[in-house]
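Colleague: I should be grateful for an introduction to this structure, with the reasons behind each term that you apply.

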Amino acid sequence: MSASGTPTVASGFVAVVGRPNAGKSTLVNALVGVKVAITSDTPQTTRHRLRAIIDLDDAQIVLVDTPGLHKPHDALGEEVNRSSVLAAADVDVIALCIDASASVGSGDRWVAERVAKGRTPVVLVLTKADAADEATIARQLVRARELVTPAAEVVLSAKTGYNLDAFIEAVLPHLPQGPRFFPRDMTTDQSLEVMLAELVREKVLRSTRDEVPHAVGVQLDDLVYEEKRDFHVVAATIYVERDSQKGIIIGKGGELIRAIGTEARVDMERLLGTGVHLDLRVKVKKDWRRDGAQIKRFGYGD
Ligand SMILES: Nc1nc2c(ncn2[C@@H]2O[C@H](COP(=O)(O)OP(=O)(O)O)[C@@H](O)[C@H]2O)c(=O)[nH]1
Ligand SMILES: [Mg+2]
């Protein structure tokens with residue numbers, strides 16, 4: 001207890017950083033035990049900084065999931081990078097994620113150089129241990145140590161849950177003592193509207209390829225709760241940059257958009273704990289990724 005009577009616990013912020021696709025968002029979801037961040041094979045799936053909260057009896061760890069740092073190509077990329085840099089600037093620990101199953105490359109080096117510049121302690125996290133054998137993991141550790149001097153190392157798998165406890169143990173000693181930053185039952189600082197829109201974007205990313213995933217932005221238009229039926233009515237618009245992309249997302253006879261809607265609805269029902277009626281439409285907004293105001297409207301970046 002502090003003098004004011006507020007309980008004092010190990011309480012602080014951990015930025016989860018790494019190149020795109022390193023497994024950051026999957027790790028954050030696994031640690032929090034709730035799907036707070038969308039994930040996919042597409043690099044730059046995560047477009048905004050989000051906080052996710054692990055609340056324990058004697059500690060509260062606030063994870064800051066960041067878009068993967070990368071060399072930017074457009075205004076969206078710049079905005080996304082800026083929010084990652086900001087996130088890593090003012091935290092107690094940096095968790096540097098490196099994929100155990102892929103070779104350490106220039107993307108990892110680029111991020112590690114930025115991380116190594118500061119004084120914040122770095123916990124080296126080798127992710128996707130389930131997808132690499134022991135010899136590979138050992139080799140990856142050696143390579144990763146060439147990039148940073150970590151305060152601790154953890155090899156884990158968010159997919160199987162292996163060593164998630166070890167991550168928490170590695171982070172705790174670096175957190176200051178203080179009051180909790182968030183209420184104990186809060187799992188994320190994202191608005192419900194953003195989370196719902198992101199679920200739609202995740203399904204689009206997972207069902208399209210090439211230039212389409214990068215051209216997609218999703219905006220929530222409506223969220224209404226019907227008390228009598230214990231039912232939510234959700235409406236969202238999927239924006240793309242070209243007519244051809246609109247055609248791809250709608251699919252033959254509307255097949256793909258229906259599948260996207262069904263998958264998103266299932267996740268929304270889990271999130272909201274009620275039945276959901278989901279209304280999806282697709283619109284073309286030319287070159288929105290170069291439009292700073294539109295990027296902000298979608299909630300990407302900060
Ligand atoms: N086998 C395996 N795949 C994983 C694991 N964690 C993430 N992935 C996959 O790696 C891809 C990128 O994950 P994501 O969390 O979106 O990466 P981010 O860009 O760093 O946030 C997705 O296809 C995930 O399913 C893991 O522990 N094991
Ligand atoms: Mg991510």
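The exchange below goes from the protein as a whole to single helices, single residues and the ligand.

Modeller: This is a predicted model, in which local features need pLDDT of at least 70 and side-chain atom pairs count only at pLDDT 80 or more, while totals for chains, interfaces and linings use all residues. Residues are numbered from 1 along each chain as its sequence is written, and chains are lettered from A and ligands numbered from 1 in the order in which they are written.

Colleague: How many helices and strands does the protein have, and why is it called as compact as a globular protein of that length?

Modeller: There are 10 helices and 10 strands; these are DSSP runs (H or I of at least four residues for helices, E of at least two for strands), numbered from the N terminus. The radius of gyration of the protein is 20 Å, close to the 19 Å from the globule rule for 302 residues, so the protein is as compact as a globular protein of that length. That radius is taken over C-alpha atoms, and the rule is 2.2 Å times the number of residues to the power 0.38. Along its principal axes the C-alpha trace spans about 55 × 50 × 35 Å.

Colleague: Why is leucine 96 called buried?

Modeller: A residue is buried if 20 or more other C-beta atoms lie within 10 Å of its own, exposed if 12 or fewer, and partly exposed in between, with C-beta atoms placed from the backbone. Leucine 96 has 28 other C-beta atoms within 10 Å, and therefore counts as buried. Leucine 96 lies in strand β4. Leaving aside neighbours within four places in sequence, its contacts (C-beta atoms, placed from the backbone, within 7 Å) include Val111, Ala112 and Val115. Of the 302 residues of the protein, 43% count as buried.

Colleague: What makes proline 121 partly exposed?

Modeller: Proline 121 has 17 C-beta neighbours inside 10 Å, so it counts as partly exposed. Proline 121 is in the loop between α3 and β5. Not counting residues up to four places away in sequence, proline 121 touches Val93, Ala151 and His174.

Colleague: How do you know that the span of α3 agrees with its number of residues?

Modeller: The expected span of a helix is 1.5 Å times one less than its number of residues. For the 12 residues of α3 this gives 16 Å, and the end C-alpha atoms are 17 Å apart, which agrees. In α3, Gly107, Asp108, Val111, Ala112 and Val115 are buried. They are on the same side of α3 because they cover an arc of only 120° around the axis, the arc being that of the directions from the helix axis to the C-beta atoms. Ser106, Glu113 and Lys117 are exposed on the other side of α3.

Colleague: What puts the buried residues of α4 on the same side?

Modeller: The buried residues of α4 are Gln140, Ala144 and Leu147. They cover an arc of only 40° around the axis, which puts them on the same side of α4. Their cover includes β4, α3 and β5. Among the exposed residues on the other side of α4 are Glu134, Arg145 and Glu146.

Colleague: Which residues are the closest to ligand 1?

Modeller: The closest are Lys24, Ser25, Thr26, Thr39 and Lys159, among 21 residues that surround ligand 1; a residue is near a molecule if its C-beta atom, placed from the backbone, lies within 6 Å of it. Helix α1 gives the largest share of this shell, three residues.

Methods. Contact = placed C-beta atoms within 7 Å.
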